[in-house]
Amino acid sequence: MGIGLKAPRLALLAGMAACAFGISAAEAAEKHKIFLSMSFIGNDWQAEAANMVKAMASHKSLVDKVDLQVQVAGPNAQRQIQQINAMVQAGAEAIVIYPISPTALNQVVKNACEKEVKVFAYDAEITEPCAYNVHIDQEEAGRVTAEWLAKKLNGKGNIIAVTGVPGTSVDELRTKAAKAVFAKYPDIKIVGEAVGMWSQAVARTELSKILATRSWDDINGLWMQVGCFTANSMQLEAGRKASQLLPCAGEGSNGGRIQMLPEGTKVEGAASPYAPLGAPRISYASPPYSGALALKLAIEAIEGKDVPKATILPLPIVTNETSKLCNEGTWAEMKAGCNTFKPSLVSNPGWFASIFSDQTPEIGLNAALVGQPEE
């Protein structure tokens with residue numbers, strides 16, 4: 001079927017199909033075909049980032065411009081390469097991508113660029129010069145958090161290090177920078193190290209393995225790309241008091257930030273361990289809005305606007321002194337400086353709280369939670 005259809009008949013059928021969905025054929029043709037290429041999705045950050053990309057695409061300012069399609073490669077560079085090739089063949093104008101490797105995708109990305117496809121990587125980097133990159137300074141994230149922990153420990157003590165997803169530029173740069181800091185302190189010893197995959201659940205499993213051969217009393221601090229909320233919870237489960245929690249340098253999960261609030265603070269919906277504990281913390285994040293911003297910039301690039309090849313986002317840093325509770329989680333409230341959300345607003349403690357950017361007024365709390373844009 002379909003063989004031998006003449007061009008006018010094809011055009012007529014395309015127009016009829018468009019009308020069936022309430023849009024004109026002209027409107028359908030005017031939409032930019034953009035693909036979201038995700039790699040590893042087994043953690044809260046990736047799900048949240050995808051929500052924010054989808055919310056950006058459905059915002060009233062963009063919904064008539066964007067035809068967004070999503071594909072997931074998993075932690076497999078070869079599969080991601082195959083999917084990118086297929087996206088280009090399917091007529092992609094732009095690909096927004098979380099790259100599993102900074103270098104393995106270079107040739108397929110170069111091929112895409114040669115066919116005038118805009119390729120925007122978010123959070124993790126692609127080193128092919130034609131690609132656009134939107135991310136924080138990952139080395140700064142590793143360095144600042146390690147320096148905080150070293151200072152907190154007065155330059156000595158046993159620490160546990162839990163890293164992220166292997167092979168990504170994010171994990172490699174953060175870990176390299178942190179270890180360079182710890183190397184300056186001969187009395188700081190990494191006595192346990194594990195791959196955490198940026199997952200609270202994996203962090204729990206890996207910490208349990210480490211604790212099979214040593215106790216919390218043998219540890220003085222933790223550096224964790226993700227997992228401080230879990231580490232604090234496990235210490236409470238082991239019978240330690242809130243005042244005995246170890247200093248932890250780690251991710252911007254909302255659970256971890258709630259735990260940073262002074263013990264006894266009244267917070268709607270809080271219940272231990274998702275509760276104020278006065279836990280000594282520095283909390284940083286790769287903001288999950290980075291993919292949504294990459295989509296917004298990709299549309300601007302398609303439309304001929306000048307977009308920089310590298311967009312370096314400010315590093316969100318929150319300490320016990322700067323943690324500020326959001327009462328309603330509105331965009332205006334976040335703009336005023338709140339950075340921690342009540343459990344009654346955000347039930348998942350692993351959800352990432354650094355969702356605000358002046359560059360993305362189209363998305364806020366509902367975007368991060370359920371993929372719905374701001375009005």
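Helix α11 spans residues 290-302 and holds 13 residues. From first C-alpha to last it reaches 18 Å, close to the 18 Å expected at 1.5 Å a residue. The model is predicted.

**Helix α11**

Burial dominates the description of α11. Of its 13 residues, 11 are buried, so the helix is largely enclosed by the rest of the structure. The buried residues are S290, G291, A292, L293, A294, L295, K296, L297, A298, I299 and A301. A lysine, K296, is among them. After the helix comes G304, with a positive phi near 90 degrees.

**Helices α4 and α5**

Helix α4 covers residues 77-89 and also has 13 residues. Its end-to-end C-alpha reach is 19 Å, close to the 18 Å expected at 1.5 Å a residue. Its buried residues are Q80, I81, Q83, I84, M87 and V88. They cover an arc of only 165 degrees around the axis, which puts them on the same side of α4. The spacing rule behind such a pattern is simple: an α-helix has 3.6 residues a turn, so residues three or four places apart point the same way.

Several elements cover this buried side. They include the strands β1 (32-38), β2 (66-72) and β3 (94-97), along with helix α5 (106-114). At the start of α4, a side-chain oxygen of N76 comes to within 3.1 Å of the backbone nitrogen of Q78.

In α5, the buried residues are N106, V108, V109, A112 and C113. Seen down the helix axis, they fall within an arc of 165 degrees, so they line one face of α5. Their cover includes α4 and the strand β4 (118-122).

**After the helices**

Each of these helices is followed by a residue with positive phi, listed here.

| Helix | Following residue | Phi |
|---|---|---|
| α4 | G91 | positive, near 95 degrees |
| α5 | E116 | positive, near 65 degrees |
| α11 | G304 | positive, near 90 degrees |

The residue after α5 is a glutamate, E116, whereas a glycine, G91, follows α4.

**A buried glutamate**

E48 sits in helix α3, residues 44-58. What is the nearest side chain of opposite charge to E48? It is R257, 9.4 Å away. A salt bridge needs the charged atoms within 4 Å. E48 is buried and has no salt bridge.

Which residues does E48 contact, leaving aside neighbours within four places in sequence? They are P288, W351, F352, I355 and A368.

Note on methods: Residues are numbered from 1 along each chain as its sequence is written. This is a predicted model: local features need pLDDT of at least 70, side-chain atom pairs count only at pLDDT 80 or more; totals for chains, interfaces and linings use all residues. Side-chain values use heavy atoms; hydrogens and water are left out. Helices (H or I, at least four residues) and strands (E, at least two) are DSSP runs, numbered from the N terminus. The expected span of a helix is 1.5 Å times one less than its number of residues. Buried means under 20% relative accessible area, exposed over 50%, partly exposed in between (1.4 Å probe, protein chains only). Lys and Arg count as positive and Asp and Glu as negative; His and the chain ends are not counted. Contact means heavy atoms within 4.5 Å. The arc is that of the directions from the helix axis to the C-beta atoms. A polar contact is a pair of N or O atoms within 3.5 Å; within protein, one must be able to donate a hydrogen and the other to accept it, and residues adjacent in sequence count only if both atoms are side-chain atoms.
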